[in-house]
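Trainee: Please take a close look at one part of this model for me: the pocket and what lines it.

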Amino acid sequence: MKLGILISGRGSNMLALARAAGEGRIPGAELAVVISDQRDAQGLAHAAAMGLETLLIERRGRPRAEHDREIIAALRAHKVELVCLAGYMRLLSPVFIEAFRGRTLNIHPSLLPAFPGLDAQRQALAHGVKWTGCTVHFVDETLDAGPIIALRVVPVEDDDTVETLAARILVEEHNLYTEAVALVASGHYKIEGRRVLVKK
Ligand code: GRF
């Protein structure tokens, strides 16, 4: 199964997936292309340095759907079957969601449905929760509310700052995303309503 990863920034989840795929930890998966909408995304340079196929597809002031159509065309040209959002900071248009329905994943740094949207780690600290974590889910028209594939719990320590909490969550993100992509790539799951169930 060919993977395409969309990024906008640092790209650490993209690198974790790229390494996992390269080392055979996502059986049957191959990373076909990394696409950034940001010219200065650090992850773009890291991906290129790893010898991965990279593309920059900037919005250039175009309407969202038009930008997304260019990304869809690039993903199709690379025969991508599964799209992983990894710190991709633009909302996807219905055109994109329809084109890759059930085949687009996202990772979010909270235990969804708590703290969707931006600054999830800051939201968790501000709320005073004692546990938070990260979630991998299918992308649909909702914001961070598509069917949950997997999540991982991380403790909040009394002396945490947004940065220390984000760093603790990020370690788990890298493992969780790899596991979730491996599950989806294996096809050993079924969706019942909103529930993503592992096939026995
Ligand atoms: C991660 O915390 C991810 O959960 C969120 O954006 C951040 C991206 O980090 N969606 P990176 O670019 O993968 O390092």
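Mentor: What follows covers the pocket, its lining, the helix packing and two backbone details.

The model is predicted, with local features needing pLDDT of at least 70 and side-chain atom pairs pLDDT 80 or more, while totals for chains, interfaces and linings use all residues. Numbering starts from 1 along each chain as its sequence is written, and side-chain values use heavy atoms, without hydrogens or water.

The largest pocket has a volume of about 1000 Å³. (On a 1 Å grid over the protein atoms alone, a pocket is an open set of points with protein on both sides within 12 Å along at least five of seven lines; the volume is the space filled by probe spheres, of 1.4 Å, set on the points, which are joined across faces, edges and corners.) Its lining, residues with an atom within 4 Å of a point, numbers 38, with G87, Y88, M89, I107 and P109 nearest the centre. By class, 18 are nonpolar, twelve polar and eight charged (nonpolar: Ala, Val, Leu, Ile, Met, Phe, Trp, Tyr, Cys, Pro; charged: Asp, Glu, Lys, Arg; polar: the others, including Gly).

Domain 1 (1–100) and domain 2 (106–200) each give the lining at least three residues, the bounds coming from an automatic or database assignment. At least two residues each come from α1 (12–22), β5 (104–108), α5 (120–127) and α6 (162–186), and α6 gives the largest share, five. (Helices, H or I of at least four residues, and strands, E of at least two, are DSSP runs numbered from the N terminus.)

Two of these helices pack against α6. The axes of α5 and α6 are 9 Å apart at about 120° (lines fitted to C-alpha atoms over the stretch in contact, with angles from 0 to 180 degrees between N-to-C directions). The pair is therefore oblique, that is, not under 35 degrees, over 145, or 65 to 115. For α1 and α6 the axes are 9 Å apart at about 45°, so α1 is oblique to α6 too. Both α5 and α1 pass α6 in a right-handed crossing (near helix turned clockwise from the far one by less than a right angle).

In the loop between β5 and α5 lies P113, and the L112 to P113 peptide bond is cis, omega near 15°. R60, in the loop between β3 (54–56) and α3 (64–77), has a positive phi near 50°. Most residues other than glycine have a negative phi, and most peptide bonds are trans.
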